[in-house]
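Open your viewer and get ready to click through the model one selection at a time. Each stop tells you what to select and what you will find there.

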Amino acid sequence: AVARPVSALAFLPQEITTVAPTELRQVLQLYGSLRAVDLATVKSKVAGDVRDVLVREGEPVRAGQVVAKMDAAEYDARVAQARGNLNNARAQLAIAAQARDNNQALVDKGFISRNAFDNSANQYEAARASVDAAQGALDLVTKSLNDTVLRAPIAGLVSMRYVQPGEKVAIDTKLIDIVNLQKLELEAAVPATISAK
């Protein structure tokens, strides 16, 4: 077999094009609604009377800014009562500790029975448990008192205000909506002929 000579192709300069990546775009006319990505609702955490609503619709707010206050009188009273109960429990614990320590010395010298000492030791443990329970109750009512002050969870604009000062609300009642208009998303219907591509 005879080998054929390989012919080389020659291109003129105007026939050579340099290829580079480029972005392809398709413009669509869509109709829909813009919606904020970040939306937060401030709800009541405790039941009671709304004392102050410190913002109006359309007003900008910072994250952590106080936006509303509930009447705190009842919660102040509960905190005072719980604090009194805790102080009483601590006093009972001190008395029980003194009795236990005294009975320990007496049982060591043989003046009282081991059962009498065990009784005072049990009273001490019960008093200590009462202190823990009273501290827990105080923590709980203190949290409720703190929950009478409502703060904006995000920065944005007040889009809706649902309550006025003086209204009585239950737990988990909507008070204020806040939207962040820095990020918006479009919700629109895309034709099936385009979405299939």
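## Stop one: the helix pair

Select α2 and colour its buried residues: they pack against α1 and β5. Here contact means heavy atoms within 4.5 Å, and helices (H or I, at least four residues) and strands (E, at least two) are DSSP runs, numbered from the N terminus. Before going further, note that this is a predicted model, in which local features need pLDDT of at least 70, side-chain atom pairs count only at pLDDT 80 or more, and totals for chains, interfaces and linings use all residues. Residues are numbered from 1 along each chain as its sequence is written, and side-chain values use heavy atoms, with hydrogens and water left out.

The buried residues of α2 are F117, S120, A121, Y124, A127, V131, A134, L138, V141 and L145. Buried means under 20% relative accessible area, exposed over 50%, and partly exposed in between (1.4 Å probe, protein chains only).

Does the length of α2 fall short of, or agree with, the expected span at 1.5 Å a residue? Its 33 residues should span 48 Å, and the end C-alpha atoms are 48 Å apart, so the two agree. The expected span is 1.5 Å times one less than the number of residues.

Now select α1. Its buried residues are Y75, V79, A82, L86, A89, L93, A96, A97, N103 and V107, and they pack against α2. For the 37 residues of α1 the expected span is 54 Å, which agrees with the 54 Å between its end C-alpha atoms. Just after α1 comes G110, with a positive phi near 85°.

## Stop two: two side chains to zoom in on

Show R100 and Y124 as sticks. R100 lies over the face of Y124, at 3.9 Å from the ring centre; a charge sits over a ring if NZ of Lys or CZ of Arg is within 6 Å of the ring centre and within 35 degrees of the ring normal.

Next, pick D76 in helix α1. It counts as partly exposed because its relative accessibility is 42%. Draw a distance from D76 to S144: their C-alpha atoms are separated by 9.4 Å, although the two are 68 residues apart along the chain.

## Stop three: the strands

Select β1, β8, β6 and β3. These 4 strands form an open sheet in the order β1-β8-β6-β3, with antiparallel pairing. Two strands pair if DSSP finds at least two bridges between them. The edge strands, β1 (32-43) and β3 (60-61), each pair on one side only. Between β1 and β8 there are 11 bridges in the antiparallel sense, and D38 stands opposite N180 in β8.

Move on to β2 and β4, which run antiparallel and are joined by 3 bridges. V50 has M70 in β4 as its bridge partner. Then add β5 (residues 149-151), which pairs with β4 in the antiparallel sense over 3 bridges; A68 stands opposite L150 in β5.

## Last stop: the core

Which residues have the most contacts inside the largest nonpolar core? They are V61, V67 and I176, in a core of 33 residues. The elements giving two or more residues to this core are β2 (48-53), β4 (66-70), α1 (73-109), α2 (114-146) and β8 (174-188), and α1 gives the most, with 8 residues. A nonpolar core is a set of buried Ala, Val, Leu, Ile, Met, Phe, Trp, Tyr and Cys residues joined through side-chain atoms within 4.5 Å.

Finish by centring on V61. Leaving out residues up to four places away in sequence, V61 touches V55, V67, A152, I154, A155, G156, V158 and I178.
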